[in-house]
Amino acid sequence: MKQNGQYLPLDTDKITSLLSTYETMGFDHGEDFSSDPEVLDKYGLKDGYVKVSISYESASEGPVTDSFYVGKGKEDGYGYARLEGSDIIGAIVNKYDFFRFDYENYKPDDFFALTLDSVDSMTMLYGEDRYVVKIDRQTETNESGEEEVTSIYTFNGSEIVGDKIISFFNTIRETQPEGTVSQALGQKVLEISFDLNRQGFDSMTLTFKEYDTNFYTAEFNGSVFLINKQDMQSIERAMLS
């Protein structure tokens with residue numbers, strides 16, 4: 001999706017559902033027949049309408065683009081619409097709000113919902129290598145009588161600067177998936193097991209696998225997300241830095 005000159009990722013399943021709805025769309029009945037601007041304005045089709053264009057490959061005609069306009073909403077929740085090049089004004093069979101495209105409704109879900117303060121340790125399997133990160137949190141009372149938590153990080157048993165672990169964790173958190181798939185079938189690249197201190201969740205696992213030349217999959221909490229190859233490389237660099 002292009003918005004304000006910037007391309008934004010969309011969730012594959014959500015867009016597939018959207019397109020399926022478009023495929024079954026039609027007019028309930030004719031409301032009017034006119035191309036007069038005053039008549040179009042009555043139905044919200046003169047100014048401020050939503051124009052929807054769908055481009056597809058037709059077996060008989062080749063590349064085709066169909067467009068239609070959605071105007072005002074009706075009291076019953078539906079909306080007025082007309083096909084481009086047609087004077088027929090109809091009542092669209094889909095709910096009016098469906099055509100008010102909001103990116104928030106179609107962007108990929110945040111795939112990695114953990115916070116670092118809920119993690120006690122991470123075990124990473126990367127090829128034949130195994131890395132273990134442990135976080136020891138110590139609570140002390142300062143001079144003001146307030147409790148302060150100090151975190152000590154170890155990597156394969158040796159203490160390291162916590163900023164490296166925080167940066168690695170945030171690199172995963174900030175990764176924006178570019179859709180979802182039903183399952184991950186490729187070669188496993190990286191598996192991270194998290195030991196948690198959250199009630200009801202003792203552990204969770206994040207698994208990255210090869211998908212194609214451009215994407216990897218990230219499987220977490222029962223869902224499989226598509227991750228851009230460049231984002232995967234950033235995660236690997238942050239892990240090994």
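Asn 214 touches Ile 227, Asn 228 and Lys 229, where a touch means heavy atoms within 4.5 Å and residues up to four places away in sequence are not counted. Before going on, I should say that this is a predicted model, in which local features need pLDDT of at least 70 and side-chain atom pairs count only at pLDDT 80 or more, while totals for chains, interfaces and linings use all residues. Residues are numbered from 1 along each chain as its sequence is written, and side-chain values use heavy atoms, with hydrogens and water left out.

Back to Asn 214, which sits in the loop between strand S14 (201–210) and S15, the helices and strands being DSSP runs numbered from the N terminus, with at least four residues for a helix (H or I) and at least two for a strand (E). Its relative accessibility is 46%, so Asn 214 counts as partly exposed; buried means under 20% relative accessible area, exposed over 50%, and partly exposed in between, with a 1.4 Å probe and protein chains only. From Asn 214 to Lys 229 the C-alpha to C-alpha distance is 5.4 Å, with their positions 15 residues apart in sequence.

Let me turn to the helices. Helix H4 (residues 162–173) and helix H5 (residues 229–240) have axes that come within 8 Å and cross at roughly 170 degrees, the axes being lines fitted to C-alpha atoms over the stretch in contact, and the angles running from 0 to 180 degrees between N-to-C directions. That makes H4 roughly antiparallel to H5, a term used for angles over 145 degrees. On the H4 side the contact is made by Phe 168, Thr 171 and Ile 172, and on the H5 side by Ser 234, Ile 235, Ala 238 and Met 239.

Now the aromatic residues. The structure holds six aromatic pairs, where rings of Phe, Tyr and Trp (its six-membered ring) pair if their centres lie within 6.5 Å, with planes under 30 degrees apart counted as stacked, over 60 as edge-to-face and the rest as tilted. In one of them, Phe 112 and Phe 194 have ring centres 5.5 Å apart and planes at 45 degrees, so the pair is tilted. This pair links parts of the chain 82 residues apart, with Phe 112 in the loop between helix H3 (103–106) and strand S8 (119–126) and Phe 194 in strand S13 (residues 188–198). Phe 112 is buried at 3% relative accessibility, and Phe 194 is buried at 0%. Finally, Phe 112, Phe 169, Phe 194 and Phe 220 form one aromatic cluster.

Methods
Angles under 35 degrees count as roughly parallel, over 145 as roughly antiparallel, 65 to 115 as roughly perpendicular and the rest as oblique.
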